[in-house]
Amino acid sequence: MREPYTEHVSETDMHAAALQYVRKVSGFRAPAAHNAEAFNAAVDAITEATRTLLGHLEVRGAAHS
C-alpha cells in the first residue's frame with residue numbers, strides 16, 4: 001500500500017505519471033508523428049502542473065525528517 005503522501009517525488013516520477021495520464025486519455029501509447037508535438041506538450045504541461053501542485057501542498061500532521 002502506498003502512503004497517502006510522499007515527501008520526495010522525483011522529476012522522473014512526475015514525468016512518468018504525466019506520460020501515463022496522456023497515454024490513457026489519448027488512447028495512444030505513442031503518438032503518430034503529426035501528433036507528437038501536441039502529445040509531448042501535454043506531457044510537459046501535466047508534469048509542470050504536478051510540480052506546482054506538490055510545491056503548494058500543505059500536509060498537516062505529517063512527520064517530516
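**Exercise 1. Determine how helices H1 and H2 are arranged in this predicted model.**

Step 1. Locate the helices. H1 covers residues 11-26 and H2 covers residues 36-56. The chain has 2 helices and 0 strands.

Step 2. Read off the geometry. The two helices pack at an angle of about 130 degrees, and their axes lie 8 Å apart.

Step 3. Classify the angle. Angles over 145 degrees count as roughly antiparallel, 65 to 115 as roughly perpendicular. The angle of about 130 degrees falls in neither range, and H1 and H2 are therefore oblique to each other.

Step 4. Assign the hand. The crossing of H1 and H2 is right-handed.

**Exercise 2. List the residues through which H1 meets H2, and sort them by character.**

Step 1. On the H1 side, the contact involves Glu11, Met14, His15, Ala18, Leu19, Tyr21, Val22, Arg23 and Ser26.

Step 2. On the H2 side, the partners are Phe39, Ala42, Val43, Ile46, Thr47, Thr50, Arg51 and Leu54.

Step 3. Sorted by character, the residues of this contact comprise 10 nonpolar, 4 polar and 3 charged.

**Exercise 3. Identify the largest nonpolar core and state where its residues come from.**

Step 1. The members are Ala18, Leu19, Val22, Phe39 and Val43, a set of 5 residues.

Step 2. Each of H1 and H2 contributes at least two residues to this core. The largest share, 3 residues, belongs to H1.

Step 3. Set this against the general pattern. In soluble globular proteins, nonpolar side chains tend to be buried together.

Step 4. Place the core against the chain as a whole: buried residues make up 11% of its 65 residues.

**Exercise 4. Decide whether Val22 is buried or exposed, and trace its contacts and those of Phe39.**

Step 1. Val22 sits in helix H1. Its relative accessible area is 5%. The cut-off for buried is under 20%, so Val22 is buried.

Step 2. With neighbours within four places in sequence set aside, Val22 touches Gly27, Phe39, Ala42, Val43 and Ile46.

Step 3. Consider one of these partners by distance. Val22 and Ala42 are 20 residues apart along the chain, and their C-alpha atoms are separated by 6.9 Å.

Step 4. Turn to Phe39. With neighbours within four places again left out, Phe39 is in contact with Leu19, Val22, Arg23, Ser26, Phe28, Arg29 and Pro31.

**Exercise 5. State what share of the chain's contacts with a separation of 6 or more joins residues 24 or more positions apart.**

Solution. Such pairs account for 67% of those contacts.

Conventions:
Residues numbered from 1 in each chain as written. Predicted model: local features only at pLDDT ≥ 70, side-chain atom pairs only at ≥ 80, totals over all residues. Heavy atoms only, no water. Axes fitted to C-alpha atoms, helices over the stretch in contact; angles between N-to-C directions. Helix = DSSP H or I, 4+ residues; strand = E, 2+ residues; numbered from the N terminus. Parallel < 35°, antiparallel > 145°, perpendicular 65-115°, else oblique. Left-handed = near helix turned anticlockwise from the far one by under 90°. Contact = heavy atoms within 4.5 Å. Nonpolar A, V, L, I, M, F, W, Y, C, P; charged D, E, K, R; others polar. Core = buried A, V, L, I, M, F, W, Y, C linked by side-chain atoms within 4.5 Å. Buried < 20%, exposed > 50% of the residue type's maximum accessible area, 1.4 Å probe, protein only.
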